[in-house]
Amino acid sequence: LMQLSIPLNFIGFIYREIRQGLTDIEAMFDLLEVEAEVKDPADAPTLQVSEGAVRFEDVRFGYDPAREILKGISFDVPPGKSVAIVGPSGAGKSTVSRLLFRFYDIQSGRILIDGQDIAGVQQESVRAAIGIVPQDTVLFNDTITYNIRYGRIGAREAEVRRAAELAQIAGFIQELPDGFDSMVGERGLKLSGGEKQRVAIARTILKAPPILVLDEATSALDTHTEQEIQTALDLVSKERTTLTIAHRLSTIIDADEIIVLKSGEIVERGSHRELLEADGLYAEMWAMQREATEAEEALRRAREAD
Ligand code: ATP
């Protein structure tokens with residue numbers, strides 16, 4: 001019996017290792033929502049990024065061609081500028097970011113980076129030009145250093161630390177017993193949503209992509225964490241072409257342009273101030289979010305008084 005139990009244990013061990021590996025890969029793919037495989041044209045050239053200008057030209061798209069999700073949308077994110085996309089749930093905001101990564105081919109229109117149609121260049125080169133800070137970061141079962149360095153595998157120790165500092169997470173890491181060597185992920189330290197997001201920001205800082213996509217967390221973070229994350233995001237998006245998929249309007253007040261998407265159409269666009277003056281959907285969403293924040297604060301004050 002002894003003889004048998006050892007190999008069985010061993011098989012169990014191998015099985016768990018493989019499963020764990022698969023879970024990580026699945027989680028990564030879930031995160032990026034990679035589904036339909038898009039094909040590169042034969043001998044497609046690589047994308048040549050000079051300034052990082054993004055342009056959507058009359059883009060029409062549906063996951064199912066029978067149900068159009070984006071109904072002809074056009075916008076520009078000029079080099080180094082920031083554009084935020086807001087709108088009700090299901091409007092198609094995240095779809096815009098998935099299309100920029102070319103996870104799907106569009107039905108008509110064009111998506112251009114520095115004048116090159118992303119459908120005509122190698123996908124890999126498109127994805128290499130874009131950094132994403134997703135809503136929910138999947139961390140590898142490895143050290144914090146490994147997780148940050150994933151942004152640029154050859155990065156030196158000092159660069160990893162600098163990125164962590166810029167991402168406002170270095171202080172937290174230094175307090176850990178094993179510091180940057182601490183294991184994280186399923187079998188290591190469990191990080192909070194805000195901590196994971198800052199690790200993702202550090203990773204993106206190391207990658208230093210010309211184009212940045214920020215997919216803002218829907219989940220509410222406490223005010224202090226939110227401020228730290230905002231500081232980190234402001235640093236990473238500075239002078240970089242940035243597209244923000246926003247759920248909370250408070251974070252995008254300074255965007256160069258805000259695009260209001262509703263049922264796959266752009267219904268309003270302009271700066272925060274212009275949109276408030278227009279007194280349309282954005283102004284309505286702003287007022288609603290204000291009320292919600294005030295109600296939350298009142299509730300918290302009441303709890304604290306107890
Ligand atoms: P939210 O603010 O709730 O995240 P959103 O504006 O980001 O919403 P999208 O995620 O872009 O909305 O989704 C737009 C529409 O596309 C939704 O109706 C959704 O059901 C549909 N959709 C999203 N992903 C897929 C998919 N992989 N396959 C089919 N339909 C999808």
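Begin by selecting Val54, which stands opposite Ile113 in β4. The model on display is predicted. Extend the selection to strand β1 (residues 54-61) and strand β4 (residues 108-113): five bridges join these two strands, and their course is antiparallel. Another of the paired positions is Phe56, whose bridge partner in β4 is Ile111.

**The four-stranded sheet**

Next, display the whole sheet to which this pair belongs. It is an open sheet of four strands, ordered β2-β1-β4-β5, and the pairing is antiparallel. Colour β2 (70-77) and β5 (116-117) separately; each has a single partner strand, so these two stand at the edges with one side lacking a neighbour in the sheet. Helix α2 (residues 93-100) should now be added, since the next point concerns its packing. α2 lies against this sheet and touches β1, β2 and β4. The direction of α2 makes about 115° with that of β1.

Move then to the end of the sheet where β4 meets β5. Two bridges join these strands, which run antiparallel. Select Leu112 to find one of the pairings: its bridge partner in β5 is Asp117. β4 and β5 form a hairpin with two residues between them. In the turn, centre the view on Asp114, which has a positive phi of about 45°.

**The six-stranded sheet**

Hide the first sheet and select the second. Here six strands form an open sheet, and their order is β6-β7-β8-β3-β9-β10. The pairing in this sheet is mixed. At the edges are β6 (130-133) and β10 (265-270); each has a single partner strand, so one side of each is left without a neighbour in the sheet. On average, and with direction ignored, neighbouring strands of this sheet are turned by 20° against each other.

Within this sheet, select strand β3 (residues 82-86) together with strand β8 (residues 241-245). The two run parallel and are joined by four bridges. A convenient position to label is Val83, which stands opposite Leu243 in β8. Restore α2 to the view: this helix packs on the six-stranded sheet as well, touching β3, β6, β7 (211-215), β8 and β9 (257-262). The direction of α2 makes about 145° with that of β8. Now add α7, which packs on the sheet and touches β6 and β7. Between the directions of α7 and β6 the angle is about 170°.

**Helix α7 and its helical partners**

Keep helix α7 (residues 193-207) selected and add helix α5 (residues 157-166). Their axes come within 8 Å and cross at roughly 125°. The two helices are therefore oblique to each other, and α5 passes α7 in a right-handed crossing. To show the contact, select Glu159, Val160, Ala163, Ala164 and Leu166 of α5 with Ala202, Ile205 and Leu206 of α7. By class, this contact of α5 with α7 has seven nonpolar, no polar and one charged residues.

Replace α5 with helix α8 (residues 223-237). α7 and α8 pack at an angle of about 10°, and their axes are 10 Å apart. These helices are therefore roughly parallel to each other. On the α7 side, select Gly194, Gln197, Arg198, Ile201, Thr204 and Ile205; they meet Thr225, Ile229, Ala232, Leu233 and Val236 in α8. The contact of α7 with α8 divides into six nonpolar, four polar and one charged residues.

**The ligand**

Finally, centre the view on the ligand. Which residues come nearest to the ligand? Of the twelve residues around it, these are Tyr63, Ser89, Lys93, Ser94 and Thr95. The shell around the ligand consists of three nonpolar, six polar and three charged residues.

Note on methods
Residues numbered from 1 in each chain as written. Predicted model: local features only at pLDDT ≥ 70, side-chain atom pairs only at ≥ 80, totals over all residues. Axes fitted to C-alpha atoms, helices over the stretch in contact; angles between N-to-C directions. Parallel < 35°, antiparallel > 145°, perpendicular 65-115°, else oblique. Left-handed = near helix turned anticlockwise from the far one by under 90°. Contact = placed C-beta atoms within 7 Å. Nonpolar A, V, L, I, M, F, W, Y, C, P; charged D, E, K, R; others polar. Near = placed C-beta within 6 Å. Pairing = 2+ DSSP bridges.
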